[in-house]
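Here is a quick tour for anyone meeting this protein for the first time. Have a look at the sequence and the model, then read on.

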Amino acid sequence: MSLSVHLRAFLKDPKGIAALTPTSAASVGRIASKAPSAEARLIVEFGPGSGVLTSALLDRLPPGARLLAIEANAEFAARLTARLRDPRLIVVHDSAVRVREILAELGLGPTDCVLSGIPFFWLSPESAHRIVANTEAALAPGGAFVTYQMFYLPRRRLRAHLERCFRSVRSELDLRNLPPQRIYEALK
């Protein structure tokens with residue numbers, strides 16, 4: 001997806017897009033490395049946007065695994081479907097809050113890992129908690145929820161939501177992205 005399409009989407013709905021530009025290649029590599037690769041059966045991505053992380057995840061995913069990308073922006077979902085033609089990829093235009101229902105509708109079991117680029121800073125505390133709680137319920141035991149957020153924007157206590165639902169939460173600051181971001185890794 002071109003930068004102009006990303007910028008146009010940001011200007012049209014700034015609360016639905018996390019940043020002015022797609023995530024940098026260095027940050028994508030760092031985030032993708034947190035997902036299981038060789039042993040993965042199912043990975044879910046919330047808010048794939050332009051698909052830079054999606055592409056990196058597909059590069060690491062074994063042949064028999066699946067990647068479910070849940071995108072709330074209809075234009076991004078359509079472009080992702082058209083651009084990434086990989087039989088392991090399933091793109092769904094829907095809300096991340098419905099992750100458990102979507103997995104059930106598609107006949108997919110619990111997921112090994114969920115990665116999220118959705119902008120939690122725009123969500124109400126109730127919506128943020130529903131997404132975090134439903135994500136925890138959708139994960140297999142030992143699964144991970146990895147979310148990356150622009151660190152300079154208000155986080156509305158994302159860490160508190162994660163700590164209420166997960167046994168372990170770590171975070172790190174990634175300065176290799178512009179703007180810098182905080183990466184959270186929560187383990188079930």
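What follows goes from the overall fold to one strand, the cores, a helix and two single residues.

This is a predicted model, in which local features need pLDDT of at least 70, side-chain atom pairs count only at pLDDT 80 or more, and totals for chains, interfaces and linings use all residues. Residues are numbered from 1 along each chain as its sequence is written, and side-chain values use heavy atoms, with hydrogens and water left out.

**The big picture**

The protein chain has 7 helices and 7 strands. Here helices (H or I, at least four residues) and strands (E, at least two) are DSSP runs, numbered from the N terminus. Walk along the sequence and you meet them as α-α-β-α-β-α-β-α-β-α-β-α-β-β. Of the 188 residues, 52% are buried, where buried means under 20% relative accessible area, exposed over 50% and partly exposed in between (1.4 Å probe, protein chains only). As for contacts (heavy atoms within 4.5 Å), take those between residues at least 6 apart in sequence: 68% of them join residues at least 24 apart.

**Strand β1**

Let's zoom in on β1, residues 42-46. With 5 of its 5 residues buried, β1 is largely enclosed by the rest of the structure. L42, V44 and F46 point one way, while I43 and E45 point the other way. What does β1 pair with? Its partners, given that pairing takes at least two DSSP bridges between two strands, include the two in this table.

| Partner of β1 | Residues | Sense | Bridges | Residue pair |
|---|---|---|---|---|
| β2 | 66-71 | parallel | 5 | L42 and R66 |
| β4 | 111-116 | parallel | 4 | E45 and L115 |The chain gets from β1 to β2 through helix α3 (residues 52-60), in a right-handed β-α-β crossover. Right-handed means that, with the strands pointing away from the viewer, the path from the first strand over the helix to the second runs clockwise.

**The cores**

A nonpolar core is a set of buried Ala, Val, Leu, Ile, Met, Phe, Trp, Tyr and Cys residues joined through side-chain atoms within 4.5 Å. The largest one has 29 residues, and F46, L68, F145, L162 and F166 touch the most other members. Elements giving two or more residues to this core include β1, β2, α6 (125-138) and α7 (158-165). The largest share, 4 residues, comes from α6. There is also a second, separate core of 24 residues, with L53, A56, L84 and L187 among them.

**Helix α2**

Which residues of α2 (residues 25-32) are buried? They are S27, V28, I31 and A32. These residues sit on the same side of α2, because they cover an arc of only 130° around the axis, the arc being that of the directions from the helix axis to the C-beta atoms. Their cover includes α3, β4, β5, β6 and β7.

**Two residues to look up**

V114 is found in β4 and is buried, at a relative accessible area of 0%. Leaving out neighbours within four places in sequence, V114 is in contact with V44, F46, T135, L139, A144, F145 and V146. V114 and G143 are 29 residues apart in sequence, with their C-alpha atoms 8.1 Å apart in space.

E185 lies in β7 (residues 181-187). Its relative accessible area is 12%, so E185 counts as buried. Not counting residues up to four places away in sequence, E185 touches K34, F145, V146, S168, V169 and R170.
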